[in-house]
Amino acid sequence: MSSHPESLWKVQDVARFLSMSTSWVYKEAEAGRLPCVRIGAALRFRPEEIRAFLDRQRVPRGAVIPLRG
């Protein structure tokens with residue numbers, strides 16, 4: 001771990017990084033699918049956990065992905 005950890009991200013930072021809406025970030029975090037830290041009423045995110053989340057979403061080349069209905 002770095003001696004100078006990155007600052008926590010806000011919902012807007014995560015939405016921008018993932019190119020998703022803030023409402024999607026709130027929904028996924030509240031459902032437990034997006035790792036977050038709750039500080040009082042605020043949600044905060046560790047950048048390294050969001051990057052790891054993104055890496056886990058990778059789909060093998062050529063894979064057929066059914067859309068949720």
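**Helix α1 and its surroundings**

W9 is buried, with a relative accessible area of 15%; the cut-off for that class is under 20%. I begin with this residue, in what is a predicted model, and shall work from there towards helix α1.

How many aromatic pairs does a search of the whole structure find? The search returns 1. The partners are W9 and F17, whose ring centres lie 5.1 Å apart; their planes stand at 50°, so the pair is classed as tilted. F17, unlike its partner, counts as partly exposed, at 35% relative accessibility, whereas W9 is buried.

Let me now turn to the segment before α1, where we find L8. This leucine is partly exposed, with a relative accessible area of 38%. Which residues does L8 touch, leaving aside those up to four places away in sequence? They are I39, R44, F45 and R46. For one of these, F45, the C-alpha atom is separated from that of L8 by 5.4 Å, although the two residues are 37 apart along the chain.

The helix itself, α1, spans residues 11-18. Its buried residues are V11, V14, A15 and L18. Why do these four line one face of the helix? Viewed down the axis of α1, they fall within an arc of 100°, so they share one face. The general background is familiar: an α-helix has 3.6 residues a turn, so residues three or four places apart point the same way. The cover over the buried residues of α1 includes helix α2, residues 22-30, strand β2, residues 42-44, and helix α3. After α1 comes S19, which has a positive phi, near 60°.

I shall finish with the packing of α1 against α3. In general, two packed helices are described by the angle between their axes and the distance between the axes. Here, the axes of α1 and α3, the latter comprising residues 47-56, come within 11 Å and cross at roughly 35°. The crossing of α1 past α3 is right-handed. On the α1 side, the contact is made by V14, F17 and L18; on the α3 side, by I50, R51, F53 and L54. By class, the residues of this contact comprise 6 nonpolar and 1 charged, with no polar residue.

Two of the α1 contact residues, V14 and L18, are also among the buried residues of the helix. F17 meets α3 as well, and it is this phenylalanine that pairs with W9, the residue with which I began.

Conventions
Residues are numbered from 1 along each chain as its sequence is written. This is a predicted model: local features need pLDDT of at least 70, side-chain atom pairs count only at pLDDT 80 or more; totals for chains, interfaces and linings use all residues. Side-chain values use heavy atoms; hydrogens and water are left out. Axes are lines fitted to C-alpha atoms, for helices over the stretch in contact, and angles run from 0 to 180 degrees between N-to-C directions. A crossing is left-handed if the near helix is turned anticlockwise from the far one by less than a right angle, and right-handed if clockwise. Contact means heavy atoms within 4.5 Å. Ala, Val, Leu, Ile, Met, Phe, Trp, Tyr, Cys and Pro count as nonpolar, Asp, Glu, Lys and Arg as charged, and the others, Gly among them, as polar. Buried means under 20% relative accessible area, exposed over 50%, partly exposed in between (1.4 Å probe, protein chains only). The arc is that of the directions from the helix axis to the C-beta atoms. Rings of Phe, Tyr and Trp (its six-membered ring) pair if their centres lie within 6.5 Å; planes under 30 degrees apart count as stacked, over 60 as edge-to-face and the rest as tilted.
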